[in-house]
Amino acid sequence: MTKNNYLKEIAKSQKPFIIYKSNKGFDLYTDFSKKIILSNKNIKNFINNSTKKKTKNKETDLYIGFFGYEILNNLIDVKIKKQKGLKFPKGIFYKPETKKKLSNKLNYKSSENLKSKSTFNVNLNKASYKNIFNKFKKKIKSGETYQIKICTKYRNNSKIDALDFFCRLTKSNMAPEAFMINDKNYSIISCSPENLITKNRNFISTKPIAGTLKKSKKLNKSKALSFFKKNIKETKEHNMIVDMERSDLSKICEAGSVRIIKKKIVEEYKDLYHYVSLIAGKLRKNTSSLEIIKAMMPGGSVIGCPKISTLNLLNNQERENRNIYTGSFGYLKFNGDMRFNIIIRSILNYQNQSEISVASGVVIDSNASHEFNENYIKAKALIDLYR
Amino acid sequence: MIYIIDHNDSFTHNVVHQFSRFGKVECDNFNDINETKLKKSKVLVLSPGPGAPKDYPLISRIYKKYKGEKKIIGICLGFQQILYCEKGKIIEQNKIYHGFQSKIKVTNKSLLFKKGQKFTVGRYHSLKLKEPFFAKNFEITMRCAISNVAMALENNNEKIYGFQFHPESFLTENGNLLIKKILSA
């Protein structure tokens, strides 16, 4: 384990770096020898070539970074009309030369006082949210989608110390897929709980979350489970995601090998209970990294179902670029192994603007005001970091 | 060979894996149908998918062309496509079933399954068949145990079968058995 004052050093050095949750603590990657900005032109070559490299299985024989939402749509031939928003890159990957292990307790405090007084504005008010909501409900009735997630964005003007934010976030919300990127002109902080791809040799798994419950004194794990089981709406949403992820895995796995390893269990986090399933399969021989990514991304649980028609409905509706939101962060190892999450519960800071995107699902029995407020609750944990 | 036509659905590959237990399967998107594979196939499977049968005129043409020549199996949207081509009306239902597990029962019209037998199945549909429905050689052979909505069809003369529910869903018990029976029928 590396000493904690390493964080101070790395912050002072002004070097770009990435921190990603590991099993026991965190891994820090830095000393980047390459930075690849992705475009529709180079993405396929990047994915395929990055995993065909000769490797001595060094810990840094990998590319780490993210795919944004738009480039993942384009990769599966789903088009998005011109949208408003920050002109943020569609995806960036780095080749690190240094990897350090850190403990779960990240200690670092910003030396500057960067508290922002600028308030957050939401891009959709309740009325226009309701409007979209009702439109999508009609689409559910006519069978064009079974479940769809409307994204709302909260924005303010702010300069942030990303490492300071991330350290505080991991204290309040430790999440198994948490990560941060700190580069010269942007930063990302996320407490994502959701793993989309874990691939080791020919074994691949995905761990969708559908169903979240805030902890309270009256609740324990088994009460949370019976809440989820009794709640028909949560159960139906979860079932749909399980069948969708089984199908996505089946595109690239040997027939008959896809199994639900954990079926609708409750996992306990610091402030939340999540309703999760773990689905896994055995990859078909010679499945390329590109095929894996195209089969699984963008992650279904944050889009809706069925994926393609739902993406098209969303993209016709949303006027603003989702940027990193519902994209994926993770790494591609030179030997072909990979790990990717779904980017949710995140802050993107770019050009002195912070952007927090959240979404919640419309199924036939959901209620617009409830979901609108749910969105705010999801954003609040991140907005609180600015206080 | 079993040829599955995918209507861009997020459950199709579960169908592919399920049918692969019983024979060689090929699967293409409905926008990208391979004529050679289509001609060569012994069984044609119409996958689940979004929207309504009227949105897929090409599939209606294919159905009419191969009806009686090949075994045709429809699942969810595919089930509705068969009914639509047989002049059935597909309408929105008040209660919508997406990710819903429910009980269905076999009617006395079925030749393949035992009358009165109940199955627990997974359902993903907002549309249903408007009844009464009559078409030569077609029988509604399973129904929702509560609402009586049509859940399966059999045409044992021309070997056409369909399920409104999803035999490939993890919510369906004995789904493999259902497919095995209609494939060997």
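# A tour of chains A and B

Start in chain B. Select B:Ile104 and look across to S6(B), where B:Phe119 stands opposite. Keep in mind that this is a predicted model.

**The S5–S6 pair**

Now show the whole of strand S5, residues 89-106 of chain B, together with S6(B). The two strands pair in the antiparallel sense, over 12 bridges. Pick B:Phe100 next. Which residue is the bridge partner of B:Phe100 in S6(B)? The partner is B:Arg123.

**The other partner of S5**

Add strand S7, residues 139-144 of chain B. S5(B) pairs with S7(B) too, again in the antiparallel sense, over three bridges. To see this pairing at residue level, select B:Lys105. Opposite B:Lys105, in S7(B), stands B:Arg143.

**The full sheet**

Color every strand of chain B. Nine strands form an open sheet. Step across in the order S2-S1-S3-S4-S9-S8-S7-S5-S6. The pairing in this sheet is mixed. Which strands are at the edges? They are strand S2 (25-29) and strand S6 (118-130) of chain B, and each pairs on one side only. Turn the view to follow the twist. From one strand to the next, the twist averages 20 degrees.

**Chain B as a whole**

Switch to a cartoon of all of chain B. How many helices and strands are there? Chain B has five helices and nine strands. Trace the elements from the N terminus on: β-α-β-α-β-α-β-α-β-β-β-β-β-α.

Zoom out for the dimensions. Along the principal axes, the C-alpha atoms of chain B fill a box of roughly 45 × 30 × 30 Å. A compact globule with 185 residues would have a radius of gyration near 16 Å, and the 15 Å of chain B agrees with that. Of these 185 residues, 49% count as buried. Now consider the contacts in chain B with a separation of 6 or more. Residues 24 or more positions apart account for 65% of them.

**A covered helix**

Select helix H4 of chain B, residues 77-85. Is H4(B) mostly covered or exposed? H4(B) is mostly covered, with nine of its nine residues buried. Among the buried residues are B:Leu77, B:Phe79, B:Ile82, B:Leu83 and B:Tyr84. The buried residues also include B:Gln80 and B:Gln81. Move past the end of the helix to B:Lys87. B:Lys87 follows H4(B) and has a positive phi, near 70 degrees.

**An exposed lysine**

Jump to helix H2 of chain B, residues 35-40, and pick B:Lys39. Why does B:Lys39 count as exposed? There are 11 other C-beta atoms within 10 Å of B:Lys39, and a residue is exposed if that number is 12 or fewer. Draw a distance from B:Lys39 to B:Ala185. These residues are 146 residues apart in sequence and 21 Å apart in space, C-alpha to C-alpha.

**Where the chains meet**

Bring chain A into view and highlight the contact with chain B. Chain A puts in 31 residues, and chain B puts in 27 residues. On the side of chain A that touches chain B, select helix H4 (126-141), helix H7 (232-250) and helix H9 (307-317) of chain A; each gives two or more residues. Which element gives the most? H7(A) does, with 10 residues. Color this side of chain A by residue type: 13 residues are nonpolar, 10 polar and eight charged.

**One side of a helix**

Stay in chain A and select helix H8, residues 289-296. Mark the buried residues A:Ser289, A:Ile292, A:Ile293 and A:Met296. Look down the axis of H8(A). The four cover an arc of only 95 degrees around the axis, so they are on the same side of H8(A). Then show what covers them. The cover includes helix H2 (43-50) and H7 of chain A. Strands of chain A are also part of the cover, including S9 (195-200), S10 (203-207), S15 (328-333) and S16 (338-341).

**Last stop: a buried alanine**

Finish at A:Ala224, in helix H6 of chain A, residues 221-230. A:Ala224 counts as buried because it has 21 C-beta neighbours inside 10 Å, where 20 or more are needed. Display its contacts beyond four places in sequence: A:Leu213, A:Leu219, A:Val266 and A:Tyr273. Then draw a line to A:His274. A:His274 is 50 residues from A:Ala224 along the chain, and their C-alpha atoms are separated by 8.7 Å.

Terms used. Residues numbered from 1 in each chain as written. Chains lettered and ligands numbered in written order. Predicted model: local features only at pLDDT ≥ 70, side-chain atom pairs only at ≥ 80, totals over all residues. Contact = placed C-beta atoms within 7 Å. Nonpolar A, V, L, I, M, F, W, Y, C, P; charged D, E, K, R; others polar. Arc of directions from axis to C-beta. Rg over C-alpha atoms; globule rule 2.2 N^0.38 Å. Pairing = 2+ DSSP bridges. Axes fitted to C-alpha atoms, helices over the stretch in contact; angles between N-to-C directions.
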